[in-house]
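Me: I should like to go through this structure and ask what justifies each term used to describe it.
Reply: Please show the sequence and the structure, and the terms can then be set against their definitions.

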Amino acid sequence: MKILTGNDLRSGAVVWWNGSGWSLFVDDAVDAGDDAEEILAREEAARRVNVPYAIDASIDAAGHVRPAHIKDRVRALGPTVRRDLAVPTADKTGWDWVI
Amino acid sequence: MYQYDSYDQAMVDARVEEFRDQARRRMEGRLTEDQFKPLRLMNGLYLQLHAYMLRVAIPYGTLNARQMEALADIAEKYDRGYGHFTTRQNIQYNWIKLEDAADALADLAKVEMHAIQTSGNCIRNISADHFAGAAADEVVDPRPYAELLRQWSSFHPEFTYLPRKFKFCVIASAKDRAAMRLHDIGIRIVRNAAGETGAQFYVGGGMGRTPMIAPLVRDFVPIDQLITYAEACLRVYNRYGRRDNKYKARIKILVHELGAAEYTRQVEEEFTHLLSVGVEPPREELARIAEYFAPPAFRHPSESWDLEQLQSKAAGDPSLRWDDGFGLWVRRNTHPHRAPGYVSAVISLKPVGGIPGDATADQMRIVARLAREYSFDELRVMHTQNLLLPHVRIADLPAIWTVLNAAGLAAPNMDTIEDIIACPGLDYCSLANARSIPLAQRISERFAKSGRTEVVGELKLKISGCINACGHHHAGHIGILGVDRKGTENYQLSLGGSEAEDVSLAKITGPGFDEDGVIAAVETVTDVYLGARTDGERFIDTYRRIGMEPFKEALYG
């Protein structure tokens, strides 16, 4: 699946396209499919998110969204060395999937 | 230390308001990211993995207590309560919001600080020996010359759009504690046989994807021609540097491709021309600057102790734990001072298992208080990602250590395998391929737990999370480079680097390792060292004597 991500213009926070807007939680990301380019162009023009881009991802057996590349997995939760600063998640698997 | 005049302050204040307007226009959608990016970078505002990052310049690593307290306030007010001190004597904040950035810059300006020229293809923060003005072995305090270079290079219209970023370093001793020859221009202030002060120019060094040691270009530039010679070096680079290829755009490539002799010939020609034009600031300006760096009023040696007196007095106080606490810290973390009865004291930002270079706002305030109380209101940021109290009475060391120890800032590990330089790596940096910090944490934990840190002695371990080498891995006695291997972290090990006066570049041992493997590999190479060393040999000495083969044999069989 293709999901969309970027950084919020004002705060810089990592955000994920949830189908109607941008969410802080990777699990909210939806498959943009063939609409990815159109959504990116529209959101770029709206200037709410800095340089949004499409990435490969998958859904695991428990239904969680997993970005394909390690860099985006680190972006999803925050620095692995400062878990106290992590983006909150309902995902009970914690950090196991990030690295 | 240097204080802004009204002109300096007006420039910085104006820049803050200019940026405030630029940021507002970006947030209102009137600037695209392509338009805004070069503007924010000129003010030190990057966009990293998780957020905007603000890099604040600390000129030649020198700051006072008030400035450190302001850095702490910014960490709490606009960030998440901490900052990261870097290998270029700067501080970085990892969580700054664009909507707050101008306010943070305004707060910095109130204490004569800024983030100007901490990014972009311009002359960056001038770095210097962190012991400047304190070291027993320096010819002269190099900071007035670094400050002169800072003023010359700030907003210099000709050098604002260089082919690539440009880094100066200034030292004034035979010992190199600042990786001087791994800078675009390294300057060593010297005295000639006639007792005149001048500057040696080393040009074309650097780390990154093409590490090079800067060759000596001029052995003695009269000090009243320092800026003219620097300008000549920059002019030749600005004229012929490779703007067509980012990876070949640093001055080291130009010097290498032209050859040091031809580059020098062109610089000398330009230098002769510039001497006729007259670009050197008046000597009175250097004298004015130098007054700010006059030595503090050190107390008479009779009002302090020497180290032997300290040991005998501390031995009688069990709370100081001379053998494994305070005494070890004194042996490891203090440095000889020019004034009798004084030392410089290194404040380690490398607690066992900690994040190299990180300090909380509370820790910054504690350090500021110590500087005010015990070190003539002066602090330094070291390129090793530690802090320094440059001028402390030996008699005050017990009180200082007690405060540091309570704050988790008394790790006795300067220049040991626990004193690891590590870049932010994939935990923070958008350029990184692999994480650096977890390796540093695990290696320091492993050596501390086994008690081998002290046995191994001086061993400089440096870790970079990508080829840009912010973690100085090329210059590590042991270097580790993180790479992306088919989507997973992999680490190349290298041996034999040094950033000191015996400068050398590390060589790769062979195939890379995963995270567990590279940590075991570090242990393996230290085993080889311990088995082969002769009396007094450091790791780097043994490596140079026995070569790479015994280490490769142990690593790969």
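**Cores, helices and the chain contact**

Reply: In this predicted model, the largest nonpolar core has 101 residues, and those with the most contacts inside it are B:Ala128, B:Leu149, B:Val170, B:Phe201, B:Val203, B:Leu226 and B:Cys233. Helix H6 of chain B (residues 226-240) supplies the largest share of this core, 9 residues. A further core, lying apart from it, has 89 residues, among them A:Val65, B:Leu45, B:Trp95 and B:Ala102.

Me: What makes a set of residues a nonpolar core?
Reply: The set must consist of buried Ala, Val, Leu, Ile, Met, Phe, Trp, Tyr and Cys residues joined through C-beta atoms within 7 Å. Buried means that 20 or more other C-beta atoms lie within 10 Å of the residue's own; 12 or fewer is exposed, anything in between is partly exposed, and C-beta atoms are placed from the backbone.

Me: Which residues does B:Val203 touch?
Reply: Leaving aside residues up to four places away in sequence, B:Val203 touches B:Ile185, B:Ala214, B:Val217, B:Cys233, B:Ile251 and B:Val255. Contact here requires C-beta atoms, placed from the backbone, within 7 Å.

Me: Why is H16(B) called oblique to H18(B)?
Reply: The axes of H16 (residues 515-532) and H18 (residues 549-556) of chain B come within 9 Å and cross at roughly 135 degrees. Angles under 35 degrees count as roughly parallel, over 145 as roughly antiparallel, 65 to 115 as roughly perpendicular and the rest as oblique; the crossing angle therefore makes H16(B) oblique to H18(B). Residues making the contact include B:Ala521 and B:Val525 of H16(B) and B:Phe551 and B:Leu555 of H18(B).

Me: Why are H5(B) and H9(B) oblique to each other?
Reply: The axes of H5 (residues 143-153) and H9 (residues 283-291) of chain B come within 9 Å and cross at roughly 120 degrees, so the two helices are oblique to each other. B:Pro144, B:Glu147 and B:Leu148 of H5(B) meet B:Leu286, B:Ile289 and B:Ala290 of H9(B).

Me: How many residues of chain B are in contact with chain A?
Reply: 22 residues of chain B are in contact with 20 residues of chain A. H14(B) gives the most to that side of chain B, with 3 residues.

Me: How confident is the prediction for chain B?
Reply: Chain B averages a pLDDT (the predictor's confidence in each residue, from 0 to 100) of 97, and 100% of the residues score at least 70. The model scores ipTM 0.96 and pTM 0.97.

Me: Which conventions apply?
Reply: Residues are numbered from 1 along each chain as its sequence is written, while chains are lettered from A and ligands numbered from 1 in the order in which they are written. In this predicted model, local features need pLDDT of at least 70 and side-chain atom pairs count only at pLDDT 80 or more, whereas totals for chains, interfaces and linings use all residues.

Definitions and conventions:
Helices (H or I, at least four residues) and strands (E, at least two) are DSSP runs, numbered from the N terminus. Two residues are in contact if their C-beta atoms, placed from the backbone, lie within 7 Å. Axes are lines fitted to C-alpha atoms, for helices over the stretch in contact, and angles run from 0 to 180 degrees between N-to-C directions.
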